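Walk me through this fold, from the overall layout down to the aromatic side chains. Short sentences will do.

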Amino acid sequence: MASVHHGIRHPGRPAPKRRGHLVLLTSRTADGAGVHFHNPSGTTAGTRAAGLPLPVFERFFAGRGVSLPGAPATGT
């Protein structure tokens, strides 16, 4: 989970501040240059489940986050 400014819903606009609004980072983009995340306060499907290049995400990132452990992998 990462703390970001709520303006992340409008990534084309400048980030007015970096402050606390939590989003859940779910994965990296295939090329590793961006992230996918879930923003529960997004106003549309495209802003609730979104992906952004890292430089854009970093403009909104408050520098705080929480790492949540995942379930252990199982062999099949």
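What percentage of the 76 residues of the protein chain count as buried? The figure is 26%, where buried means under 20% relative accessible area, exposed over 50% and partly exposed in between, with a 1.4 Å probe and protein chains only. This is a predicted model, in which local features need pLDDT of at least 70 and side-chain atom pairs count only at pLDDT 80 or more, while totals for chains, interfaces and linings use all residues. Residues are numbered from 1 along each chain as its sequence is written, and side-chain values use heavy atoms, leaving out hydrogens and water.

Start with the layout. The protein chain has 2 helices and 5 strands. Both kinds of element are DSSP runs numbered from the N terminus: helices are H or I with at least four residues, strands are E with at least two. From the N terminus on, the order is β-β-β-α-β-α-β. The accessible surface comes to about 5,100 Å², computed by the Shrake-Rupley method with a 1.4 Å probe; for residues, only the protein chains shown count as cover. Carbon and sulfur atoms hold 59% of that surface. Among contacts between residues at least 6 apart in sequence, 41% join residues at least 24 apart. Contact here means heavy atoms within 4.5 Å.

Now the sheet. The 5 strands form an open sheet in the order β4-β3-β2-β1-β5, with antiparallel pairing. Two strands pair if DSSP finds at least two bridges between them. β4 and β5 (61-65) stand at the edges with a single partner strand each, so one side of each is left without a neighbour in the sheet. The twist averages 40 degrees from one strand to the next; axes are lines fitted to C-alpha atoms, for helices over the stretch in contact, and angles run from 0 to 180 degrees between N-to-C directions.

Go through the pairings. β1 and β2 (residues 22-28) are antiparallel and share 2 bridges. Here Ala 2 has Val 23 in β2 as its bridge partner. β2 and β3 also run antiparallel, joined by 4 bridges. Across that pairing, Ser 27 stands opposite His 36 in β3. The hairpin of β2 and β3 has 5 residues between the strands, and Gly 32 takes a positive phi near 80 degrees there. β1 and β5 are antiparallel too, with 2 bridges. Val 4 has Phe 61 as its bridge partner in β5.

Look closer at β1. Ala 2 lies in this strand and counts as buried at 3% relative accessibility. Its C-alpha atom is 7.9 Å from that of Gly 63, although the two are 61 residues apart along the chain. Ser 3 lies in β1 as well. Ser 3 counts as buried at 5% relative accessibility. Leaving aside neighbours within four places in sequence, the contacts of Ser 3 include His 21, Phe 60 and Gly 63. With residues up to four places away not counted, Val 4 touches Arg 19, Val 23, Phe 57 and Phe 60, among others.

What fills the interior? In soluble globular proteins, nonpolar side chains tend to be buried together. The largest nonpolar core has 11 residues: Ala 2, Val 4, Ile 8, Val 23, Val 35, Phe 37, Ala 50, Leu 52, Val 56, Phe 57 and Phe 60. Such a core is a set of buried Ala, Val, Leu, Ile, Met, Phe, Trp, Tyr and Cys residues joined through side-chain atoms within 4.5 Å. β1 (2-4), β3 (34-38), β4 (49-53) and α2 (54-60) each supply at least two of its residues. α2 gives the most, with 3 residues.

Finish with the rings. The whole structure holds 2 aromatic pairs. Rings of Phe, Tyr and Trp (its six-membered ring) pair if their centres lie within 6.5 Å; planes under 30 degrees apart count as stacked, over 60 as edge-to-face and the rest as tilted. Phe 37 and Phe 57 have ring centres 5.7 Å apart and planes at 55 degrees, so this pair is tilted. The pair links strand β3, which holds Phe 37, to helix α2, which holds Phe 57, 20 residues apart. Phe 37 counts as buried at 3% relative accessibility, and Phe 57 at 5%. Phe 57 also forms a stacked pair with Phe 61, at 6.1 Å centre to centre and 25 degrees between the planes. Phe 61 is partly exposed, with a relative accessible area of 26%. Ring pairs thus link Phe 37, Phe 57 and Phe 61 into a cluster.
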